[in-house]
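Trainee: Could you walk me through this one? I'd like to start with the backbone and then move on to the empty spaces and the rings.

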Amino acid sequence: MPRTFSVVDMHTGGEPLRIVTAGYPPLPAGTILEKRAHVRTRHDALRRMLMFEPRGHADMYGALLVEPELPEADLAVLFMHNEGYSTMCGHAIIALGRYALDHGLVTPRAPVTPVAIECPCGLVRAEVSVEDGRAGTVAFDSVPAFLFARDSTLEVPGYGKVTFDIAYGGAFYAIAEAGRFGLAFGRERPAAFVAAAAALTEAVKAAIPLSHPDHDDLAFLYGSILTDGEAGGPDRALKNICVFADRQVDRSPTGSGVTARLAAMHARGLVAPGERRVFESVVGSTFTGAVARTTTAGDRPAIVARIAGKAHYCGRAELVVEDDDPLGGGFLVR
């Protein structure tokens with residue numbers, strides 16, 4: 001008999017989320033990071049099958065719902081993508097907030113329903129607005145986010161010396177203005193941004209060791225974010241493109257990326273607590289973000305960001321894997 005997996009497909013600001021609802025083998029008890037390590041070492045073939053062609057594509061993103069360990073969590077999730085397993089994903093939190101409300105994982109409350117989601121980076125608390133009896137905008141408060149390195153400069157092959165920041169927003173990102181690569185939004189095609197961001201990521205990975213006060217598993221560079229700069233007031237939408245994992249392009253503004261960007265902006269004195277900013281993605285979708293409060297991460301000054309956006313359903317499917325299919329395990333052309 002063919003093996004089957006049930007999935008619900010959603011998108012947040014254009015960025016896909018494939019939620020695995022049935023068919024995945026049970027996982028042993030343990031912490032969320034232990035579960036992440038288990039699927040990475042024991043079940044990575046399933047990630048490739050669920051994310052890659054012919055059922056997915058090079059930029060597919062997934063969520064595996066697992067048993068929570070934290071008693072206050074309503075659900076727990078492992079994130080997956082074309083390279084492996086991330087520690088935080090804001091667009092997924094927004095989608096999962098709506099999913100939890102719609103599928104009875106939480107008790108609906110009007111006008112706002114709280115949803116506590118256990119992620120590899122920690123517990124993330126979301127709030128789902130209820131509009132005309134339906135889930136509407138979803139907002140979440142980030143884990144502590146901080147600027148790790150300010151105004152670092154490296155020689156990036158093909159681009160010369162580039163100055164950038166490194167910030168953590170549930171995952172680590174290198175953040176640089178697109179102009180430092182000779183790029184401008186609306187002028188070059190996305191492929192040019194992808195090449196530049198990927199080159200920056202590789203240069204930073206090779207030169208700068210990262211650390212996180214909570215766990216060594218969090219201390220890796222997830223990707224790079226190219227921006228149009230931080231100048232302008234709260235009415236200007238700040239553009240960015242996030243390239244993460246194996247040159248995967250986020251169609252949304254990137255929840256953890258916007259969190260990291262707000263942490264860097266706050267450290268530079270460019271955004272005050274409570275000040276709302278708008279962030280725009282490569283496809284024109286937007287998230288709102290604000291510094292909810294200041295805090296610490298270990299001995300580092302940090303913020304908690306509040307990010308908000310909307311998610312939509314785009315499909316439900318039963319995925320099939322036949323034993324005699326030589327390409328059934330998944331593949332990528334790009």
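Mentor: Happy to. Let's begin with Ala245, which is found in the loop between strand 12 and strand 13 (248–249). Keep in mind that this is a predicted model.

Trainee: What is the phi of Ala245 near?

Mentor: It is near 50°, a positive value in a residue other than glycine.

Trainee: Is Ala245 buried or exposed?

Mentor: Ala245 is buried, with a relative accessible area of 15%. The cut-off for buried is under 20%.

Trainee: Where else should I look for a positive phi in a residue other than glycine?

Mentor: Look at Thr254, with phi near 85°. Thr254 lies in the loop between strand 13 and helix 5, and at 4% relative accessibility Thr254 counts as buried.

Trainee: And the peptide bonds? Which one is cis on the way into Pro54?

Mentor: The bond from Glu53 to Pro54 is cis, with omega near 5°. Pro54 has its place in the loop between helix 2 (44–51) and strand 3. Another cis bond runs from Ala110 to Pro111, with omega near 5°. Pro111 sits in the loop between helix 3 and strand 5 (112–119).

Trainee: Okay, on to empty space. How many cavities of 30 Å³ or more does the structure hold?

Mentor: It holds 1 such cavity. About 70 Å³ of space lies in the largest cavity.

Trainee: Which residues lie nearest the centre of the largest cavity?

Mentor: Cys89, Tyr173, Tyr222, Asp250 and Thr254, out of 14 lining residues. Helix 3 (90–102), strand 12 (237–244) and helix 5 are the elements that give two or more residues to that lining. By class, the lining has 7 nonpolar, 5 polar and 2 charged residues.

Trainee: So Thr254 comes back here. What about the pockets: what volume does the largest one have?

Mentor: The largest pocket has a volume of about 230 Å³. Its lining has 14 residues, with Asp165, Ile175, Glu177, Glu230 and Arg268 nearest the centre. Strand 9 (160–168), strand 10 (172–177) and helix 5 (255–267) each give two or more residues to it.

Trainee: How does that lining divide into nonpolar, polar and charged residues?

Mentor: For the largest pocket, the split is 6 nonpolar, 2 polar and 6 charged. The second largest pocket has a volume of about 170 Å³, and its lining divides into 10 nonpolar, 2 polar and 2 charged residues.

Trainee: Where is the second largest pocket, in terms of residues nearest its centre?

Mentor: Tyr24, Pro25, Leu64, Leu65 and Val66 lie nearest its centre, among 14 lining residues. Strand 2 (15–22) and strand 3 (62–66) each supply at least two residues of the lining.

Trainee: Let's switch to rings. How many aromatic pairs does a search of the whole structure find?

Mentor: It finds 11. One of them is Phe146 with Phe172, an edge-to-face pair at 5.9 Å centre to centre and 75° between the planes. Phe146 lies in strand 8 (residues 146–156) and Phe172 in strand 10, so the pair ties together parts that are 26 residues apart in sequence.

Trainee: Are those two rings buried or exposed?

Mentor: Phe146 is buried at a relative accessible area of 0%, and Phe172 is buried at 0% too. Phe172 also pairs with Tyr168: the centres are 4.8 Å apart and the planes are at 55°, so that pair is tilted. Tyr168 is buried as well.

Trainee: Which residues do ring pairs link into a cluster?

Mentor: Tyr61, Phe79, Tyr173, Phe220, Tyr222 and Phe244. Tyr173 and Tyr222 came up with the largest cavity, among the residues nearest its centre.

Trainee: What lies over the face of Tyr313?

Mentor: Arg316 does, at 5.1 Å from the ring centre.

Trainee: Last topic, cysteines. How many disulfides are there?

Mentor: The structure holds 0.

Trainee: Why does Cys89 have no bond to Cys119?

Mentor: Cys119 has the closest cysteine sulfur, but it is 8.8 Å from the sulfur of Cys89, too far for a bond. Cys89 is buried, with a relative accessible area of 6%. For Cys121 the closest cysteine sulfur is in Cys119 at 5.0 Å, too far for a bond. The cut-off for a disulfide is sulfur atoms within 2.5 Å.

Key:
Residues are numbered from 1 along each chain as its sequence is written. This is a predicted model: local features need pLDDT of at least 70, side-chain atom pairs count only at pLDDT 80 or more; totals for chains, interfaces and linings use all residues. Side-chain values use heavy atoms; hydrogens and water are left out. On a 1 Å grid over the protein atoms alone, a cavity is a set of points where a 1.4 Å probe fits but cannot get out, and a pocket is an open set with protein on both sides within 12 Å along at least five of seven lines; lining residues have an atom within 4 Å of a point. Grid points are joined across faces, edges and corners, and a volume is the space filled by probe spheres set on the points. Helices (H or I, at least four residues) and strands (E, at least two) are DSSP runs, numbered from the N terminus. Ala, Val, Leu, Ile, Met, Phe, Trp, Tyr, Cys and Pro count as nonpolar, Asp, Glu, Lys and Arg as charged, and the others, Gly among them, as polar. Rings of Phe, Tyr and Trp (its six-membered ring) pair if their centres lie within 6.5 Å; planes under 30 degrees apart count as stacked, over 60 as edge-to-face and the rest as tilted. Buried means under 20% relative accessible area, exposed over 50%, partly exposed in between (1.4 Å probe, protein chains only). A charge sits over a ring if NZ of Lys or CZ of Arg is within 6 Å of the ring centre and within 35 degrees of the ring normal.
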